[in-house]
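Reader: I've never read a structure like this before. Could you walk me through a few features, one at a time?

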Amino acid sequence: MRRIHLLSPRLANQIAAGEVVERPASVVKELLENSLDADADRLEVDVEAGGVKQIKIRDNGHGIPQDDLALSLSRHATSKISALEDLEAVGTLGFRGEALASISSVARLTLTSNVEGQESGWQVFAEGRDMETVQKPAPHPVGTTVEVRDLFFNTPARRKFLRTEKTEFSHLEEVIRRLALSRYDVGFTLRHNQRVIHQLRPAKTQAEKERRVASIFGAKFIENAVAVDVEASGLRLWGWVGLPTFSRAQADLQYFYVNGRTVKDKLVAHAVRQAYRDVLYGGRHPVFVLFLELDPAQVDVNVHPTKHEVRFRDGRMVHNFLYSTLNRVLAAVRPEDQLPPVAQSKSATISGIDAGEFSGQGRMVLQQPSSGASSFASSSLSAGGSASPARQSYSFSAERKPESMPVREQLNAYRNLHEPVEASSDPVIGQTAGDDEDIPPLGFAVAQLKGIYILSENQHGLVLVDMHAAHERITYERMKTAWHEQGITTQPLLVPDSLAVSTREADAAEEHDEQIRRLGFVLERMGPETLVVRQIPALLRGADVEKLVRDVIADFTTHGSSDRIEAHINELLATMACHGSVRANRRLTVPEMNALLRDMEHTERSGQCNHGRPTWTQLSLDELDKLFLRGR
């Protein structure tokens, strides 16, 4: 029988290094976090061979005193916490006191530092043998330089798991990106094999911050993102979220920070996924850079050695705050928010008719407008107006607004738009807006193409609208509004359903009974592992009650809340809206098309249909000129 004995300091540190130091990127992360905790505002990172051969990090922080240099390489030695109370409210990126000791146990580490008021800098060296250090004077300005060479030189089993130089550097560069996005007040320089890869200056203004984001993510992200800054109940969420149409096939552009620390949290991921659920095309992933700020005492960062995971004291409150904030932000996006400023849509070089290149060409009058469509100001029909004697206009403007109609009645009111009507084979031609008119974001309709698309002219050029997708979203949003105003109507079951559940599920159902009743379910516990369903939401009759109840209970157990009922009802309303919306080959008059455009401009989430597909797109004059080689 083997006796219990203490591990040597070297072996203990190498075991810890297995958790903290996975690859060169892990080394860079730990060292840069130490520099940021030392209040550095300028960081320089030089690496060779993807970081395996050498990593050198220099900062201008407050430095380490001579007496603390050797101690800094000891395990569990830190200046950031000293008592349990400090651990419960950590305000720094590092706090475990393991990074330098772990790194020095698997690499050759040289640490040089100087502090204000010290006569000269000092240097300490360790290379993973018996954890003995060598200390000597060394010239150095105030700040710290850490050089790590020959990573895993003494643990060949770990070294053979490293990937190619390119792969290792891509992971290392990702660490720089994440930290550069978390600290806009800090300048970052990254060099690989003596070549400058990133040189980011400190950003103070909003424009400078957006430029940094664009330099990391690309200009397209900022062009297709919405700024967020909301504060409530001691929580603040700020940053940028991408428009639903600017999504990715992978979840590779999702950056979330809690008090400046990048984290990957299931609760956060679930809240974001819920917010995008109604507007994202199937299988796509949203993009975002978001920062959550809250009292450090309300979040536990001592969950994992890599500090990538956190645990919120009140996860339910955080989840609801994230979901409600992002849901409102995405719902508030209107077409005008997705259009560039008018001045930016024009070419810097004048070409075409304005430049006199086609001086013989004038405006062509395609069709003499009728008196009924002589002015677009009268195209959006007023109360009681109609587009033609044959059918009612698109716009709801009678005494009773659609938002206040019951869902079924509203659906019937919309059916007139996809009833077959006799239509002329000639295209519907509208009148272009004058230069001096106040043109709305989606412009004025000029024609309908193949009974599917609306062609509209706005200040930027041509707008193409999928009329069925647009009408579907408008109908869907109005139905949701009507449903929320009426509330959930419950329906008693003639024969109550008995469910066999686990004791944990039964306990959760009892604990959250009040919230579950607000969702339209009435559950009664009949035994340690038995639940009886007595009432369900009326709109969900015919649904799989057992699966729905289990999912709702699971949501409350995991997230403290559930939106399963709303999700199922929304799916039903979306199907009704799809069937109740205007169909392809339905010929619309110009007033009807304009009314549809105006409703799009005032409807939440009108940029996507119920299935996440785009409802409209813009073609600028520059893009149209390129198609026809104008000005070349």
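Reader: Let's start inside. Which residues line the largest cavity?

Author: First, keep in mind that this is a predicted model. A cavity is a space where a probe fits but cannot get out. Here, the lining of the largest cavity is made up of Pro244, Val279, Leu330, Val333, Gln338, Arg605, Ser606, Gly607 and Gln608.

Reader: How do the residues of that lining divide into nonpolar, polar and charged?

Author: The lining of the largest cavity has 4 nonpolar residues, 4 polar ones and 1 charged one. The space in this cavity is about 50 Å³.

Reader: And how many cavities of 30 Å³ or more are there?

Author: The count is 2.

Reader: Okay, on to charges. What should I look for with salt bridges?

Author: Here's the general idea: side chains of opposite charge can pair when their charged atoms come close. The cut-off for a salt bridge is a side-chain nitrogen of Lys or Arg within 4 Å of a carboxyl oxygen of Asp or Glu. Searching the whole structure turns up 33 salt bridges.

Reader: Show me one. What does Glu293 pair with?

Author: Glu293 has a salt bridge to Arg236, and their closest N and O atoms are 3.5 Å apart. This pair links distant parts of the chain, since Glu293 sits in strand S13 (residues 288-293) and Arg236 in strand S10 (residues 235-242), 57 residues apart.

Reader: Are Glu293 and Arg236 buried or exposed?

Author: Neither, quite. Buried means under 20% relative accessible area and exposed means over 50%, with partly exposed in between. Glu293 has 33%, so Glu293 is partly exposed. Arg236, at 24%, counts as partly exposed too.

Reader: Now a pair with Arg311, please. Where do its two partners lie in the chain?

Author: Arg311 and Asp300 meet through their side chains in a salt bridge, 3.5 Å from N to O. Arg311 belongs to strand S15 (residues 311-312) and Asp300 to strand S14 (residues 299-300), so the salt bridge ties together parts that are 11 residues apart in sequence. Arg311 is partly exposed, at 48% relative accessible area, while Asp300 counts as buried because its relative accessibility is 15%.

Reader: What about a pair that involves a helix?

Author: Try Arg525 and Glu510, whose side chains form a salt bridge at 3.0 Å, N to O. Arg525 is in strand S20 (residues 522-527) and Glu510 is in helix H14, 15 residues apart. Both get the partly exposed label: Arg525 at 24% and Glu510 at 49%.

Reader: Which other residue of helix H14 should I look at?

Author: Ala506 lies in helix H14, which covers residues 503-511. With a relative accessible area of 0%, Ala506 is buried. There's a link back to the strand residue, too: the C-alpha atoms of Ala506 and Arg525 are 7.0 Å apart, with their positions 19 residues apart along the chain.

Reader: Which residues are linked in a network of salt bridges?

Author: That network links Asp278, Arg473, Glu477, Lys480, Glu604 and Arg605. You've met Arg605 already, in the lining of the largest cavity.

Reader: Last one, on the surface. Which residues form a nonpolar patch?

Author: Leu449, Ile452 and Tyr453 do, with about 240 Å² of accessible area together. Residues join a patch with over 30% relative accessible area, and Tyr453 is partly exposed at 36%. Tyr453 is in strand S17 (residues 453-457).

Technical notes: Residues numbered from 1 in each chain as written. Predicted model: local features only at pLDDT ≥ 70, side-chain atom pairs only at ≥ 80, totals over all residues. Heavy atoms only, no water. 1 Å grid on protein atoms, 1.4 Å probe; cavity = no way out; pocket = protein on both sides within 12 Å on 5 of 7 lines; lining within 4 Å. Points joined across faces, edges and corners; volume = space filled by probe spheres on them. Nonpolar A, V, L, I, M, F, W, Y, C, P; charged D, E, K, R; others polar. Patch = residues over 30% accessible without salt bridge, like charges linked within 9 Å, V, L, I, M, F, W, Y side chains within 5 Å. Areas by Shrake-Rupley, 256 points an atom, 1.4 Å probe, with all protein chains shown as cover. Helix = DSSP H or I, 4+ residues; strand = E, 2+ residues; numbered from the N terminus. Buried < 20%, exposed > 50% of the residue type's maximum accessible area, 1.4 Å probe, protein only.
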